[in-house]
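Please open the structure in your viewer and keep the selection panel at hand. The stops below go from one selection to the next, and each says what is to be found there.

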Amino acid sequence: MSVPALEVRGLVKHYPGVKALDGVDLVVRRNEVLGLAGENGAGKSTLLKALVGLVAPDAGSIHVRGEPVRLRSVVDAADHGIGMVFQEQSLVPNLTAAENIVLGSEGPAVRRGVYRWEVMRRLAQEQLDKIGSRIDPLARTDSLSFADRQMVEIAKVLRIEERTQHPPVVILDEPTSVLEPKEIDTLFAQIRRLREFATVIFVSHRLDEVLDVCDRVTVLRGGRSVGEVATAGAVPRELHRMMIGSTGSDDHYHENAATTVVSEEPRLSVRGLSGATFRDISFDVARGEIVAIVGVHGSGREDVCRALFGAEPTTAGEIRMDGRTIELPSTRAACAAGIGYVPAERKIEGMVGPMSVAENMTLAKQRARLAGPFVAPRKQATLVDSWIRRLSIRTPGRDTPIQRLSGGNQQKVILARWLVAGDVRLLLLDHPTRGLDIGARSEVYRLMRELAATGVATVLLGDSLEEAIGMADRILVMTDGRVATEVACPNGGKPSPLDLVKEMV
Amino acid sequence: MTSEVVNAPRRQSRRGASFRDAGPPVALIVVFLVFAALSPQFRSLDNVANIVDAAAVLAVVTCGITFVLMMGSIDLSAAGVMGASALTVSLLVANNRNDNDFGLLGIAVAVLLGCAFGCLSGLALVLLKVPSFMATLGMSAVGLGVATLMFAGVQPNISDTMVKGLAIERFLGLSYLTWIAAGCVLVGWLVQRYTRLGRYAFAIGGAEEVLALSGVKVKPYKVAVFTLAGAFYGLAGVMVTSQLGAGLVQAGDGYDFSAITAAVVGGTLLTGGRGGIGHSAVGVLLVMVLTNGLVQVGVSPYWQGGVEGLIVVAAVAAAVIPQRRRNQVVK
């Protein structure tokens, strides 16, 4: 075999507190479709960003056709013939498809700053013809369907061909996540066509897709490449085993501390809940029970979680807390009913970065720190300090801005927000350990167990299947906006990830 | 890039977009017909010419501000830049304070001064990272300061017949200033439609990060847009001077916010990426028809300001209602 189109050797990238890439190796052969698989946090997106010059690696090297290169920007990467179709939203919505295709390298389509629409249309049409797309180049991008927009993106990426003599490397990052099944078929046909004149790296959460369209799959775990599979004859199960790896036998999930659930009247009871992306969701959560909801990207589980907190509109259904219906679901009503929510986007939705630990901790339950209409400084200090101690939050003090804490400690403050008033009955945890290192994860798990022991019910959207299985008493599997099945998950009788994957895809 | 955020599929239908765009022109026609039905004076040809003439200066200022708003920035420097430009032109053409008589050259200098102010605003934005709100507010104060220095306590009255004539002489029933304004709208439209500057201004408001990911250097375009806007304000300062026959520090008083209002009423979003010169022209006419119409149908002048304000808020509310989402943050 000749020199590989692209080779990565020992790439390392540190982020504060996390080692995103820990010596990744990757070989991409000419004119093949290489799949990249791995769980959240396995380092896929960091690796891709390094390949298009958006992330500067700390160590290791990238070789294009055998030559070591340093990629400082997207333009640099394009000059070396590497281009990426980003996960959605990487087109300017209010420009025409043609403008998006030639954006940044208009060439003859713009002369001395003046547009020549006809030339631009022709240039764009040439690109669209390459992939056999019939989109009108002068249509506004936001009037196109998602599938069409993706075609526009591919057409745009293929313009890198004009910058290099060699066949381009096209990276597709989660291209199927917003597509309908029929659109996915079209995309796959497209990828097979691309293969004739280009090299493709394909990333998807959905293993069946990876196996379907790729020639070979490289699996990442914990920032390293842990294996390589030729797809001919392979089954999702094998891949998944590699993605998960062997689970440590230590008590990472504090399973010994798991409480036995006494069945009585459920704490949370959801009946027929429907919204834009989910339909007819019904389930119960008992006191002290941890119920995990698992599902692939697009299964609607995030929206269900937000809907329970009143942060997502619903069209039908009922939410009851301890037998009492929550009228007019809203975040305010949810708070009043004793529901706490830890959002997935910690930095955006979870905390007010420049405000102090104390402010962030008392944000939702102001009552806990007030005397009459005023903030009672001493009351607040005692309260906040006691929670800093109880959750062993490592912070210089209660007045430190929360953004200076590590991710794990920030997350504890956000959890404490729901505990300070002592009235929390249900916690909705949306990826509570996202971006945390192992030690911090373990502490969050310990906290979840402690809270469950006091009778708090928990709905968990895990960062990984492992986490869901490790923590939950019961697991709901969601596909396409519905609960596909419910799996008991008691200590000693845990299902295997593979059992769940079967239900998910 | 930390766009791990999962963007929920939000599809904009084509119909929705055109429906939104049709709002302001329809409103303009409806408001016009209502006033025309109510008042015979309003529908007289003379009055219609009056409305259009009165819109001239606002139209030019709005042309400039539209490009800035399309980018998602804001520009509050119009009043200051217009003041400085008014004093500059009145001291450079024939006037009672000095012996200058530069004619057209004087006008050109005033416009270039506007460009310089705009350029400074833009540079403060991209180099010093001062938000456009503050950068242009500061620049407005600087403009007024420069104007005050030039004013020096004695009002320059102009005697240049060419400059004065712009406001007085008519062509096809409309003043020359109106034709200048129409020219500005046309130039603005061409820039917006056929130049990289105009299209990129639009794109910056739509998705600035995408431009960066495509290897476009955004900063020079931002500075250029503010510079272009400054040129329009400079010209507007000259136009006001022609109307008043004198150079006044307050030449641009109120035009900054009127122009933003007109642009927004016309359908240009303050968050950028939507609207344009055509929208703004409609917005200007809508505001002027409203002002004139309220007088013609006999609304007491004491009520006028308040009524106008309410109508503007209602118009904007109607425009954004279809786009409201739950828990959306509005600032």
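A helix here is a DSSP run of H or I with at least four residues, and helices are numbered from the N terminus. The model on the screen is a predicted one.

**Stop 1: a residue in chain B**

Select B:A262, which sits in helix α10 of chain B, a helix that spans residues 255-265. Is B:A262 buried or exposed? A residue is called buried when 20 or more other C-beta atoms lie within 10 Å of its own, and B:A262, with 29 C-beta neighbours inside 10 Å, therefore counts as buried. Now add the residues that B:A262 touches, leaving out those up to four places away in sequence: they are B:L58, B:T62, B:S280, B:G283, B:V284 and B:V287. For B:S280, a distance label drawn from C-alpha to C-alpha should read 6.3 Å, although 18 residues separate B:A262 and B:S280 in sequence.

**Stop 2: two helices of chain B**

Select helix α7 (residues 176-194) and helix α11 (residues 277-296) of chain B, whose axes come within 9 Å and cross at roughly 150°. Since angles over 145 degrees count as roughly antiparallel, α7(B) and α11(B) are therefore described as roughly antiparallel to each other. To see the contact itself, display B:V185, B:G188, B:W189 and B:Q192 on the side of α7(B), together with B:I277, B:G278 and B:A281 on the side of α11(B).

Then colour the whole of chain B by secondary structure, which comes to 12 helices and 2 strands. Following the chain from its N terminus, you pass six helices, then the two strands, then six further helices. Of its 331 residues, 50% count as buried, and among the chain B contacts between residues at least 6 apart in sequence, 78% join residues at least 24 apart.

**Stop 3: the nonpolar cores**

Next, select A:F202, B:A59, B:V60, B:V61 and B:A236, which are the residues with the most contacts inside the largest nonpolar core, a set of 178 residues. Which residues surround A:F202, if neighbours within four places in sequence are left aside? The contacts of A:F202 are with A:V33, A:L34, A:G35, A:L172, A:I191, A:V210, A:V213 and A:C214. Apart from this core lies another, of 76 residues, which includes A:I290, A:V304, A:L426 and A:A452.

**Stop 4: chain A as a whole**

Show chain A alone, where the secondary structure amounts to 17 helices and 24 strands. The C-alpha atoms fill a box of roughly 70 × 50 × 45 Å along the principal axes. For a chain of 505 residues a compact globule would have a radius of gyration near 23 Å, and the 25 Å of chain A agrees with this.

**Stop 5: a hairpin and its parallel neighbour**

Select strand β11 (residues 216-221) of chain A, which pairs in the parallel sense with strand β3 (residues 33-37) of chain A over 4 bridges; within this region A:A37 stands opposite A:V219 of β11(A). Strand β12 (residues 224-230) of chain A is joined to β11(A) by 6 bridges and runs antiparallel to it, with A:A230 as the bridge partner of A:R216. The hairpin of β11(A) and β12(A) has 2 residues between the strands, and A:G222 takes a positive phi there, near 55°.

**Stop 6: an open sheet and the helices on it**

Finally, select the 6 strands of chain A that form an open sheet in the order β18-β21-β22-β15-β23-β24, with mixed pairing. The edges are β18 (339-342) and β24 (482-488), each with a single partner strand, so one side of each is left without a neighbour in the sheet. From one strand to the next the twist averages 20°. Strand β23 (residues 474-479) runs antiparallel to β24(A), joined to it by 6 bridges, and A:M478 stands opposite A:V483 of β24(A).

Helix α9(A) packs on this sheet, touching β15, β21, β22 and β23 of chain A, and its direction makes about 150° with that of β22(A). In α9 (residues 301-308), 8 of the 8 residues are buried, so this helix is largely enclosed by the rest of the structure. After α9(A) comes A:G310, with a positive phi near 75°. The last selection is helix α17 (residues 497-504) of chain A, which lies across β15, β23 and β24 of chain A and runs at about 30° to β23(A).

Key. Residues numbered from 1 in each chain as written. Chains lettered and ligands numbered in written order. Predicted model: local features only at pLDDT ≥ 70, side-chain atom pairs only at ≥ 80, totals over all residues. Core = buried A, V, L, I, M, F, W, Y, C linked by C-beta atoms within 7 Å. Buried ≥ 20, exposed ≤ 12 C-beta atoms within 10 Å, placed from the backbone. Contact = placed C-beta atoms within 7 Å. Pairing = 2+ DSSP bridges. Rg over C-alpha atoms; globule rule 2.2 N^0.38 Å. Axes fitted to C-alpha atoms, helices over the stretch in contact; angles between N-to-C directions. Parallel < 35°, antiparallel > 145°, perpendicular 65-115°, else oblique.
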